[in-house]
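Subject: Handing over a structure

Hello,

Here is the structure I promised to pass on to you. Please open it first, and then read the notes below alongside it.

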Amino acid sequence: MKISDIQTEIKEHPLLTQLFVRVIQEDGLSGIGECWWGISPGAEGGKQLPANSQVLPMISTIDNILKPLLIGEDARQIEARFQQMVHYAYRYGIEGILSCAISGIDLALWDLAGKRLQVPVIELLGGQAKEGVKAYASLPPFRDSERIRQETERAMACGFQGIKLHEHNPDMAGLVRDVAGPEMAIMFDVNGHFKLPEAIDVAEALMTHGVFWFEEPIWPMRDHDAMARLKEETGITIAAGENEFSQEGFYQLMQCGAADYIMPEITKIGGLTAGKKLTPLFELFNLPLSPHSFRSGPALYANIHWALSTENSDWLEIPWLPEGYSFPGGVSIPELRDGQVTLPDGIGLGLSIT
Ligand SMILES: [Mg+2]
């Protein structure tokens, strides 16, 4: 069953543009994936760039490098397609944009395989290892206590038993604790904002609020030794991994002993095929897979299939949009059962995108 076309589609959004990738086989059946492509202009206080300009290199990589490679190849041989892309991309530098582009195509191939065989993707991964996985609402950066209070209350009303903040001020964790009570798991993500001495001060403040984990505490995020020193100094629980791309990177992260929760981003690492190759590491190091998700669509749904097929999964990130916004791909966040995400209905990834 040959691949006849690969198409990209920008789903524009003021906060969270998505890039969908559709792989079409010769009989017209298609699967859908998505790529991580960057952060919104100005999201880090930087320059305002033209809208969606950061998506264009990803589209060009797919259209000009990967698509010509794959047209006419067998869509059923996902591992072979993955290896074909990796071997070709290796000469450009396999991490970064190329790995994100490969991820989008790979996710679409898995969705397509499920649709072709009329089964959910999880059956192709070996079936369910568990019925559900705990989920937390991942709030975007607000830097505004009133909005954090409002969105925390909205997330609680949806049944979330975990709230993640993307703030720098540890007092915001105290605010969530006051609003949500003693049982709420609070995750605090600074996206590598601090150097070690500041991170130690922040960790100590977070611990007074009973924060569940401190995520990507240190710049650069790959400074595993500094994370290990932070852990040794403060004893705080650390989550990291969304900026690792390779098996080697994850091996080193797990081996250094700094991170308690490992957070691969499936639209960066190479999709489900790459995820499958990481799964044994979670068993080897006895560490939890806590998938990183910041968009609702093929990536989130692929993460659900991966997490539910993995015994060692614990805590799934659910992207949370402020009141008045919806996800550009039209995929809402899944309903929770007792604070857990369960398997979506349907074949493939279970998305109803046509
Ligand atoms: Mg994060």
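Let me start with the charged pairs: the structure holds 16 salt bridges. A salt bridge here is a side-chain nitrogen of Lys or Arg within 4 Å of a carboxyl oxygen of Asp or Glu. Side chains of opposite charge can pair when their charged atoms come close.

Before the details, a word on the source. This is a predicted model, in which local features need pLDDT of at least 70, side-chain atom pairs count only at pLDDT 80 or more, and totals for chains, interfaces and linings use all residues. Residues are numbered from 1 along each chain as its sequence is written, and side-chain values use heavy atoms, with hydrogens and water left out.

Some salt bridges to look at

One of the pairs is Arg81 with Glu73, whose side chains come to 3.5 Å, N to O. Arg81 counts as buried because its relative accessibility is 8%, while Glu73 is partly exposed at 27%. For these words, buried means under 20% relative accessible area, exposed over 50%, and partly exposed in between (1.4 Å probe, protein chains only). The areas themselves come from the Shrake-Rupley method with a 1.4 Å probe, and for residues only the protein chains shown count as cover.

Another pair is Lys164 with Asp189, at 3.8 Å from N to O. This salt bridge links distant parts of the chain, since Lys164 belongs to strand 5 (residues 162-165) and Asp189 to strand 6 (residues 185-189), 25 residues apart. Helices (H or I, at least four residues) and strands (E, at least two) are DSSP runs, numbered from the N terminus. Both Lys164 and Asp189 are buried.

A further pair joins Glu244 and Arg222, with the closest N and O atoms 3.9 Å apart. Glu244 sits in the loop between strand 8 (238-240) and helix 9 (247-255), and Arg222 in the loop between strand 7 (213-215) and helix 8, so the salt bridge ties together parts that are 22 residues apart in sequence. Glu244 is buried, at 5% relative accessibility, whereas Arg222 is partly exposed, at 46%. Elsewhere, salt bridges with shared partners join Lys164, Asp189, Glu215 and Glu317 into one network.

The magnesium ion

Which residues are the protein donors of the magnesium ion? They are Asp189 (OD), Glu215 (OE) and Glu242 (OE), lying 2.0 to 2.1 Å from the ion. Donors are N, O and S atoms within 2.8 Å of the metal (3.2 Å for Na, K and Ca); water is not among the atoms, so sites may look incomplete. Along the sequence, the donor residues follow the spacing D-x25-E-x26-E. Asp189 in strand 6 and Glu242 in the loop between strand 8 and helix 9 are 53 residues apart, so this pair links distant parts of the chain. Asp189 is buried, with a relative accessible area of 1%, and Glu242 is buried too, at 7%.

A negative patch

On the surface, Glu198, Asp201, Glu204, Glu232 and Glu233 form a negative patch. Helix 7 (196-208) and helix 8 (224-234) are the elements that give two or more residues to this patch, and helix 7 gives the most, with three. Glu233 lies in helix 8 and counts as exposed because its relative accessibility is 55%. Patches are made of residues with over 30% relative accessible area and no salt bridge, where like charges are joined within 9 Å and nonpolar side chains (Val, Leu, Ile, Met, Phe, Trp, Tyr) within 5 Å. Lys and Arg count as positive and Asp and Glu as negative, with His and the chain ends not counted.

Backbone details in the loops

The peptide bond from Trp219 to Pro220 is cis, with omega near -10°. Pro220 lies in the loop between strand 7 and helix 8.

Arg143 has a phi near 55°, a positive value in a residue other than glycine. Arg143 lies in the loop between strand 4 (132-138) and helix 5 (145-157), and is partly exposed, at 48% relative accessibility. Asn191 also has a positive phi, near 50°. Asn191 belongs to the loop between strand 6 and helix 7 and is partly exposed, at 28%.

Finally, Pro182 is in the loop between helix 6 (171-180) and strand 6, where Pro182 counts as exposed, at 72% relative accessibility.

Happy exploring, and best wishes

Methods
The place of a charge is taken as NZ of Lys, CZ of Arg, CG of Asp or CD of Glu.
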